[in-house]
Amino acid sequence: MPHSLVINFTPISDIPLGYTSGKHLHGLFFTLVNAVNPELAEYFHQSVANKSFTVSSLQVINSNKNQDKFLQWQQQKTVKKGSNCWWKITLLDDTLFSQLTKLWLNLRPEKPYHLGSGDLFITSVLASSDSHPWANAMSYQELFDRASETQRNINLKIYTPTAFRQGKYDVSLPTAELVFNSLLRKWQKYSNIPFDNINFEELYPAYFDIKTEIIIDNKSKFIGCIGTINYKILGEIEAIKIKQINTLADYSFYSGLGRKTTMGFGVLKRLN
């Protein structure tokens with residue numbers, strides 16, 4: 001069952017700007033997992049293609065913004081002591097959530113964890129849609145059963161920079177083929193509901209409002225797109241194929257999109 005978990009925390013000292021990225025939240029997640037299940041942490045570390053989890057960058061709750069519609073891909077300044085913060089983790093393998101039960105039970109609010117030179121207390125883990133707009137859980141079968149056989153309009157919002165590997169190079173333009181094949185690969189790997197002989201030839205971009213962002217650190221440069229894109233299913237197509245495409249669009253909330261989803265990239269959501 002895919003899970004999208006929101007982990008709330010409060011810094012007890014300032015967190016430097018350089019430690020708010022998904023890369024560093026990825027490291028904190030590994031620290032948490034390794035403390036209760038070293039074998040699982042090693043599995044996460046060794047898994048190469050289409051990894052079984054995703055991580056967002058650090059988020060700071062701002063009462064002036066609707067967090068259902070707003071997720072920052074980067075912070076602009078040091079995160080101050082006492083701020084209300086969170087980050088999102090998704091688990092795609094059906095067995096992962098239960099393997100981490102010991103972690104959920106042993107997250108003590110008084111135990112400090114480190115993020116760069118800052119310390120923080122984890123205050124809660126949210127797992128249901130009524131507790132937070134970025135939290136939810138749904139079985140693969142339920143995702144498939146709920147997907148529409150008639151909806152031909154698909155709106156996706158990409159919140160954090162997203163790119164796709166094509167040969168030796170990264171491509172940041174979210175064509176239908178690149179987007180839905182990325183989603184399909186994870187679905188085929190984890191769902192046990194194979195989509196055979198599916199292609200995306202009838203899926204066309206109808207509207208898009210996207211831009212590229214460049215992320216540079218001391219070791220690499222990553223160029224990805226963010227924004228909103230609308231795809232339409234056109235022409236004669238079987239109802240089951242429409243259902244499969246809608247399933248993948250719904251699944252994107254959990255799977256993430258494109259490259260480096262374990263480092264905060266490729267966070268997206270289907271819009272109604």
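# Pockets, a cavity and one strand in a predicted model

Helix H6 supplies 6 residues to the lining of the largest pocket, the largest share. The structure is a predicted model.

## The largest pocket

This pocket holds about 1,100 Å³ of space. Its lining counts 41 residues. Nearest the centre of the largest pocket are Phe 222, Arg 259, Lys 260, Met 263 and Phe 265. Several elements each give at least two lining residues: helix H1 (22-36), strand E8 (153-162), strand E9 (164-166), helix H6 (176-190) and strand E11 (203-216). By class, the lining of the largest pocket splits into 19 polar, 13 nonpolar and 9 charged residues.

Where does the largest pocket lie with respect to domain 1 (3-137) and domain 2 (140-271)? The largest pocket lies between the two domains, because both give residues to its lining.

## The second largest pocket

The second largest pocket encloses about 630 Å³. A total of 22 residues line it, and Asp 250, Phe 253, Lys 269, Arg 270 and Asn 272 are the closest to its centre. Helix H5 (140-146), E8, helix H7 (239-255) and strand E13 (268-271) each contribute two or more residues to this lining. H7 gives the most, with 4 residues. The lining of the second largest pocket comprises 9 nonpolar, 7 charged and 6 polar residues. Domain 1 (3-137) and domain 2 (140-271) each provide at least three of the lining residues.

## The cavity

Rolling a probe the size of a water molecule over the atoms reveals where empty space remains. How many cavities of 30 Å³ or more does a search of the whole structure find? The search finds 1. The largest cavity has a volume of about 40 Å³.

Residues lining the largest cavity include Thr 54, Lys 88, Thr 90, Ser 252, Phe 253 and Tyr 254. Gly 256, Thr 261, Phe 265, Gly 266, Val 267 and Leu 268 also belong to the lining of the largest cavity. E4 and H7 each supply at least two of these residues. H7 has the largest share, 3 residues. By class, the lining of the largest cavity has 6 polar, 5 nonpolar and 1 charged residues. Domain 1 (3-137) and domain 2 (140-271) each give at least three residues to the lining of the largest cavity.

Two of the residues named here also appear in the pocket descriptions. Phe 253 lines the cavity and is among the residues closest to the centre of the second largest pocket. Phe 265 lines the cavity and is among the residues nearest the centre of the largest pocket.

## Thr 261 and Lys 111

Thr 261, a residue of the cavity lining, sits in the loop between H7 and E13. Is Thr 261 buried or exposed? Thr 261 counts as buried, because its relative accessibility of 6% is under the 20% cut-off. Leaving out residues up to four places away in sequence, Thr 261 touches Phe 53, Thr 54, Val 55, Lys 186, Ser 255, Gly 256 and Gly 266. Of these contacts, Thr 54, Gly 256 and Gly 266 line the largest cavity too. The C-alpha atoms of Thr 261 and Ser 128 are 21 Å apart, with their positions 133 residues apart along the chain.

Lys 111 lies in the loop between helix H4 (101-105) and strand E5 (112-115). Lys 111 is partly exposed, at 32% relative accessible area. Beyond residues up to four places away in sequence, Lys 111 touches Leu 120 and Phe 121. A C-alpha separation of 33 Å divides Lys 111 from Leu 257, which is 146 residues away along the chain.

## Strand E1 and its partners

Strand E1 (residues 3-11) is mostly covered, with 8 of its 9 residues buried. The table gives its pairings.

| Partner of E1 | Sense | Bridges |
|---|---|---|
| E4 (residues 85-91) | antiparallel | 7 bridges |
| E6 (residues 118-126) | antiparallel | 6 bridges |
| E7 (residues 136-137) | antiparallel | 2 bridges |

Individual residue pairs can be followed along these partners. Ile 7 stands opposite Trp 87 in E4. Asn 8 has Ser 124 in E6 as its bridge partner. His 3 faces Ala 137 in E7 as the opposite residue. In a regular strand, side chains alternate between the two faces of the sheet.

Conventions:
Residues numbered from 1 in each chain as written. Predicted model: local features only at pLDDT ≥ 70, side-chain atom pairs only at ≥ 80, totals over all residues. Heavy atoms only, no water. Buried < 20%, exposed > 50% of the residue type's maximum accessible area, 1.4 Å probe, protein only. Contact = heavy atoms within 4.5 Å. 1 Å grid on protein atoms, 1.4 Å probe; cavity = no way out; pocket = protein on both sides within 12 Å on 5 of 7 lines; lining within 4 Å. Points joined across faces, edges and corners; volume = space filled by probe spheres on them. Nonpolar A, V, L, I, M, F, W, Y, C, P; charged D, E, K, R; others polar. Domains from an automatic or database assignment. Pairing = 2+ DSSP bridges.
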